[in-house]
Amino acid sequence: MTTVYQQKGLNYFNLVAESLKTFLDTDARDGGYFDIPAESYNPLRKQYNPVQIAKTITAPTGTHSDFGFGIIDVDIYARGLNFIFGLAHPLRRIAIVSLYRLSGTKIRERIAKEVVHEMGHLLGLSHCRKSSCVMYFSNTLEDTDKKEKSICGTCRSRIEA
Ligand SMILES: [Zn+2]
Ligand SMILES: [Zn+2]
């Protein structure tokens, strides 16, 4: 079971739940809302540190198939990258997706793809070389728009193995 926590004001639970169910056969429940912690803001980068944000998401206490998933709308970064769409901590069983860089008419489709991508990491998948596979690493919105919402056959066989 994946518990979905949203930054206050966002309303994407149904989209997230539907995407996880359709493409990864994973169930989700609504974990409610949270505030972005002030200490996650990095004034030098004018962006937010997703590791700090992840700390505010309740760590799943159940079995290895329990995950915590955060949906946020602030600009997040990782060392060496200008920005990231999301991140996953498979060991802590927590992932985050930010809508900040996904805006546009295709926003719902893009959210679905990035949500399935980060969930794929939680399920043990690495990045895939196929640009059509949802596990392909998106560096740009073009990458995201090019890929499908589903995992490729190779990735699927890795999950099922
Ligand atoms: Zn990734
Ligand atoms: Zn793949």
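## A tour from the β8-β9 hairpin

Start by selecting Leu 87, which stands opposite Ile 96 in β9. Gly 86 is likewise placed opposite Val 97 in β9. This is a predicted model, in which local features need pLDDT of at least 70 and side-chain atom pairs count only at pLDDT 80 or more, while totals for chains, interfaces and linings use all residues. Residues are numbered from 1 along each chain as its sequence is written, and chains are lettered from A and ligands numbered from 1 in the order in which they are written.

Widen the selection to β8 (86-89) and β9 (94-98). These strands run antiparallel and are joined by four bridges; two strands count as paired if DSSP finds at least two bridges between them. Helices (H or I, at least four residues) and strands (E, at least two) are DSSP runs, numbered from the N terminus. Four residues lie between β8 and β9 in their hairpin, and Arg 93 in the turn has a positive phi of about 60°.

**The whole chain**

Zoom out to the protein chain, which has five helices and nine strands. From the N terminus the order is β-α-β-β-β-α-β-β-β-β-β-α-α-α. The radius of gyration is 15 Å, close to the 15 Å that the globule rule gives for 161 residues, so the chain is as compact as a globular protein of that length. That radius is taken over C-alpha atoms, and the globule rule is 2.2 Å times the number of residues to the power 0.38. The C-alpha trace spans about 40 × 35 × 30 Å along its principal axes.

Of the contacts with a separation of 6 or more, 57% are between residues 24 or more positions apart. A contact means that two C-beta atoms, placed from the backbone, lie within 7 Å.

**The sheet and its helices**

Next, select β2, β1, β5, β9 and β8. In that order, these five strands form an open sheet with mixed pairing. The edge strands, β2 (28-34) and β8, each pair on one side only. From one strand to the next the twist averages 15°.

Add α1, which packs on the sheet and touches β1, β2 and β5; its direction makes about 150° with that of β1. Then add α3, lying across β5, β8 and β9 and running at about 160° to β9. Axes here are lines fitted to C-alpha atoms, for helices over the stretch in contact, and angles run from 0 to 180 degrees between N-to-C directions.

**Helix α3**

Keep α3 selected. This helix has 16 residues and reaches 23 Å from its first C-alpha to its last, close to the 22 Å expected at 1.5 Å a residue; the expected span is 1.5 Å times one less than the number of residues. Of the 16 residues, 12 are buried, so α3 is largely enclosed by the rest of the structure. Buried means 20 or more other C-beta atoms within 10 Å of the residue's own, exposed 12 or fewer, and partly exposed in between, with C-beta atoms placed from the backbone. Among the buried residues of α3 are Arg 110, Lys 113, Glu 114 and His 117. The buried residues pack against α1, β5, β8, β9, α4 (141-146) and α5 (153-160). Just after α3, look at Gly 124, with a positive phi of about 105°.

**The core**

Now select Val 115, located in α3. Val 115 counts as buried because it has 30 C-beta neighbours inside 10 Å. Leaving out residues up to four places away in sequence, Val 115 touches Val 16, Ser 19, Leu 20 and Val 97. Move to Val 16, which on that basis touches Val 4, Ala 28, Phe 69, Ile 71 and Val 115.

Val 16 and Val 115, with Ala 95 and Met 135, have the most contacts inside the largest nonpolar core, which has 40 residues. Such a core is a set of buried Ala, Val, Leu, Ile, Met, Phe, Trp, Tyr and Cys residues joined through C-beta atoms within 7 Å. The largest share, six residues, comes from α3.

**Last stops**

Select Thr 3 in strand β1. Thr 3 is partly exposed, with 19 other C-beta atoms within 10 Å. Beyond four places in sequence, Thr 3 touches Arg 29, Gly 31, Pro 60, Gly 68 and Phe 69.

Finish at β6 (76-78) and β7 (81-84), which run antiparallel and are joined by two bridges. Ile 76 has Ile 84 as its bridge partner in β7. Two residues separate β6 and β7 in this hairpin, and Gly 80 in the turn has a positive phi of about 85°.
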